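User: I have a structure open and would like to talk it through with you. Could you start with the basics and then go into single residues?

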Amino acid sequence: MDTAIAVVPMGLGHLRQVLDLGHQVFDTTIKPYTSWSLTAVAEHLDSPDNACWVALDSDRVVGFVLGSMEFEHRDDWAYLEWIAVAPDMQGHGIARRLVNVCSEALFARGARHIVTDVEDRNSASAALMTSSGFVPAATVTLLVRPNPDASDDDAALPPITKRDLVRRGRLSIEHPLR
């Protein structure tokens, strides 16, 4: 564990670096309903949950975690939605520290459970979450049926955010986003 790295609550001054680091490390094409954007970060930062943290090496954001007390329609379940560590800083225990501090904050806010999701090919994140006390609870397979009349250029699905689905009235217990 690198003790020179400070883990502090995320503030407005960290926003640009968090957004840039997310763009650097997240592949949102894997789950087409997930989108990494300024709105995604700002909504977390604007929540009263104290569940957004950054890892700092001097002034440089080298990792972050974004969590919230919002998971579907469960008021007592929290969501650890985004976590990232700069590629050159991975392997130093930063992600574990971020998971732990975010989890402690969410439990202190009243969470009975914390939910996260990991893409099945991301074995490093799956190992981190498992060793941090998360256990598999459900497996969801995204199935896609392409239009046989569409070209391959149309095959990529556009990202859809939770906010988009809520606005359209399409997010519910019967049709959860994650």
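Analyst: The conversation below goes from the overall fold to a pocket, the cysteines and some single residues.

User: Before that, what kind of model is this, and how are residues numbered?

Analyst: This is a predicted model, in which local features need pLDDT of at least 70 and side-chain atom pairs count only at pLDDT 80 or more, while totals for chains, interfaces and linings use all residues. Residues are numbered from 1 along each chain as its sequence is written, and side-chain values use heavy atoms, with hydrogens and water left out.

User: OK, how many helices and strands are there?

Analyst: The protein has 5 helices and 5 strands, and along the sequence they follow the pattern β-α-α-β-β-β-α-β-α-α. Both kinds of element are DSSP runs numbered from the N terminus, with helices (H or I) having at least four residues and strands (E) at least two.

User: What share of the residues is buried?

Analyst: Of the 178 residues, 37% count as buried, where buried means under 20% relative accessible area, exposed means over 50%, and partly exposed lies in between, with a 1.4 Å probe and protein chains only. The protein exposes about 10900 Å², of which carbon and sulfur atoms supply 52%; these areas come from the Shrake-Rupley method with a 1.4 Å probe, and for residues only the protein chains shown count as cover.

User: And what about contacts across the sequence?

Analyst: Taking contacts between residues at least 6 apart in sequence, 65% join residues at least 24 apart, with contact meaning heavy atoms within 4.5 Å.

User: Switching to pockets, how much space is in the second largest one?

Analyst: The second largest pocket holds about 860 Å³. Its lining has 30 residues, and those closest to the pocket centre are Val25, Phe26, Ile83, Asn122 and Ser125. On a 1 Å grid over the protein atoms alone, a pocket is an open set of points with protein on both sides within 12 Å along at least five of seven lines, and lining residues have an atom within 4 Å of a point. Grid points are joined across faces, edges and corners, and the volume is the space filled by probe spheres set on the points.

User: Which element gives the largest share of that lining?

Analyst: Strand S4 does, with 5 residues. S4 (77–85), helix H3 (94–108) and helix H4 (123–131) each supply at least two residues of the lining.

User: How does the lining split by class?

Analyst: There are 14 nonpolar, 9 polar and 7 charged residues in the lining. Ala, Val, Leu, Ile, Met, Phe, Trp, Tyr, Cys and Pro count as nonpolar, Asp, Glu, Lys and Arg as charged, and the others, Gly among them, as polar.

User: Now the cysteines. How many disulfides are there?

Analyst: The structure holds 0 disulfides, a disulfide being a pair of cysteine sulfur atoms within 2.5 Å. Cys52 is in none, and the nearest cysteine sulfur, in Cys102, is 7.2 Å away.

User: Why is Cys102 not bonded to Cys52?

Analyst: Because the two sulfurs are 7.2 Å apart, they are too far from each other for a bond. Cys52 is buried at 8% relative accessible area, and Cys102 is buried at 0%.

User: Which residues does Val65 touch?

Analyst: Val65, in strand S3, is in contact with Ala51, Cys52, Trp53, Leu80, Trp82, Ile83, Leu98 and Cys102, leaving aside neighbours within four places in sequence. Val65 is buried at 0% relative accessible area, and its C-alpha is 4.2 Å from that of Ile83, 18 residues apart along the chain.

User: And Val62, buried or exposed?

Analyst: Val62 counts as buried at 0% relative accessibility, and it lies in S3, residues 60–68. Its contacts beyond four places in sequence include Ile5, Leu21, Ala84 and Ile94, and the C-alpha atoms of Val62 and Ile5, 57 residues apart along the chain, are separated by 8.5 Å.

User: Which loop holds His14?

Analyst: His14 lies in the loop between strand S1 (6–9) and helix H1 (15–25), and counts as buried at 15% relative accessibility. Beyond four places in sequence, His14 touches Val8, Pro9, Val54, Leu56 and Val61.

User: Last one: what is the phi of Asn50?

Analyst: Asn50 has a positive phi of about 55° although it is not a glycine, and it lies in the loop between helix H2 (38–45) and strand S2 (52–57), exposed at 57% relative accessible area. Ser58, also not a glycine, has a positive phi of about 65°; Ser58 is in the loop between S2 and S3 and counts as exposed at 61%.

Methods: On a 1 Å grid over the protein atoms alone, a cavity is a set of points where a 1.4 Å probe fits but cannot get out, and a pocket is an open set with protein on both sides within 12 Å along at least five of seven lines; lining residues have an atom within 4 Å of a point.
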